[in-house]
Amino acid sequence: MGFLKVVYILTVGVFVVLFFAFGIMAFYAEPKFPEYPPPSITRQFLPSTPTPPPGVVTPTPEELQREQQYQKEFEEQRRAYVRARERYSRNLFFIAVSLGVATIALSFLLRPQWEVIRSGLLLGGTATVLYSIIRPLGELSPIYRFLAIAVGLAVLLFLGHRRLSERRA
C-alpha cells in the first residue's frame, strides 16, 4: 500500500472520530458544574484568630446562617451535578459505542473496490469505540467498560474474519 493511501486512511479515521466526538458535544451538552455563591463576609473572617484583623468584620449570626444556607444549597447542586454527570457519561458511552460499531460494520459492508475508504472507516470506528471508553473513564462502571470491549472485540473478530475470508476468495 502506498504512502498516500496510508495517509488517507489515517486522515479518514481521525476525521470520523472527530466528527462523532464534536457531534456529540454539539447536540448532547454535558452538565455544567454549579457556580459557588459569591464571596460573602464570612469568608473574610479568619476563624483561627481570636480577633479579626483590622478591616475584617465579624459576621453576625444571620450572616453565618445565610452562609450555611449557601453551603447547603451548593452541596445539593453539586450532588445533582454528580448524578447528572454519571447519566451523561453512561449515555455518551452508549451513543459513541453505537456510532463506532455502526461505522465498523459499515466499513465491512462497502464494496471491496473502496478499500482505502473501508480501512479509514474501520480505523475511525475503532477509534470512536476507544473514545467512548476513555472519555468517561472515571465515571463509567467497570462492567460497562468490559461489555463495550467484549462487544467491540466480537464485532471486530466476526467482521475481520469475514473480510479476510472475502479477500482470499
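Which residues make up the largest nonpolar core? Before selecting them, note that this is a predicted model, in which local features need pLDDT of at least 70 and side-chain atom pairs count only at pLDDT 80 or more, while totals for chains, interfaces and linings use all residues. Residues are numbered from 1 along each chain as its sequence is written, and side-chain values use heavy atoms, with hydrogens and water left out.

**First stop: the cores**

Select Phe93, Val97, Val101, Ile104, Phe108, Val129, Ile133, Leu140, Ala148 and Leu159, the 10 residues of the largest nonpolar core. A nonpolar core is a set of buried Ala, Val, Leu, Ile, Met, Phe, Trp, Tyr and Cys residues joined through side-chain atoms within 4.5 Å; buried means under 20% relative accessible area, exposed over 50%, and partly exposed in between, with a 1.4 Å probe and protein chains only. The elements that give two or more residues to this core are H2, H3 and H4, and the largest share, 5 residues, comes from H2. Helices here are DSSP runs (H or I, at least four residues), numbered from the N terminus.

Centre next on Val129, which, leaving aside its neighbours within four places in sequence, is in contact (heavy atoms within 4.5 Å) with Val97, Gly100, Val101 and Ile104. A second, separate core of 7 residues can then be located through some of its members, including Val17, Ala21, Ile24 and Tyr88.

**Second stop: Ser107**

Move to Ser107 in helix H2, which spans residues 61–109. Ser107 is buried, its relative accessible area being 0%, and a polar atom of its side chain lies 2.6 Å from the backbone oxygen of Ile104. Beyond residues up to four places away in sequence, Ser107 touches Arg118, Leu121 and Leu122.

**Third stop: the salt bridges**

Side chains of opposite charge can pair when their charged atoms come close. Counting a salt bridge as a side-chain nitrogen of Lys or Arg within 4 Å of a carboxyl oxygen of Asp or Glu, the model has 4 of them.

Select Arg135 and Glu30, whose closest N and O atoms are 3.1 Å apart in a salt bridge. This pair links distant parts of the chain, 105 residues apart, with Arg135 in the loop between helix H3 (115–134) and helix H4 (142–168), and Glu30 in the loop between H1 and H2. Arg135 is partly exposed at 26% relative accessibility, and Glu30 is partly exposed at 29%. Adding Arg85 to the selection shows a network of salt bridges that links Glu30, Arg85 and Arg135. Arg85 is found in helix H2 and is buried, with a relative accessible area of 14%; not counting residues up to four places away in sequence, Arg85 touches Glu30, Pro31, Arg135 and Glu139.

Elsewhere in helix H2, select Glu75, Arg78 and Arg79. Glu75 meets Arg78 in a salt bridge of 2.6 Å, N to O, and these two residues are 3 residues apart, about one turn of the helix. Glu75 also meets Arg79, at 3.9 Å, N to O, with a separation of 4 residues, again about one turn of the helix. Glu75, Arg78 and Arg79 have relative accessibilities of 25%, 29% and 43% respectively.

**Last stop: a surface patch**

Finally, select Val14, Phe15, Leu18, Phe22 and Met25, which make a nonpolar surface patch of about 490 Å². Patch residues have over 30% relative accessible area and no salt bridge, with like charges joined within 9 Å and nonpolar side chains (Val, Leu, Ile, Met, Phe, Trp, Tyr) within 5 Å; accessible areas come from the Shrake-Rupley method with a 1.4 Å probe, and for residues only the protein chains shown count as cover. Phe22 is found in helix H1, residues 3–27.

Note on methods
A polar contact is a pair of N or O atoms within 3.5 Å; within protein, one must be able to donate a hydrogen and the other to accept it, and residues adjacent in sequence count only if both atoms are side-chain atoms.
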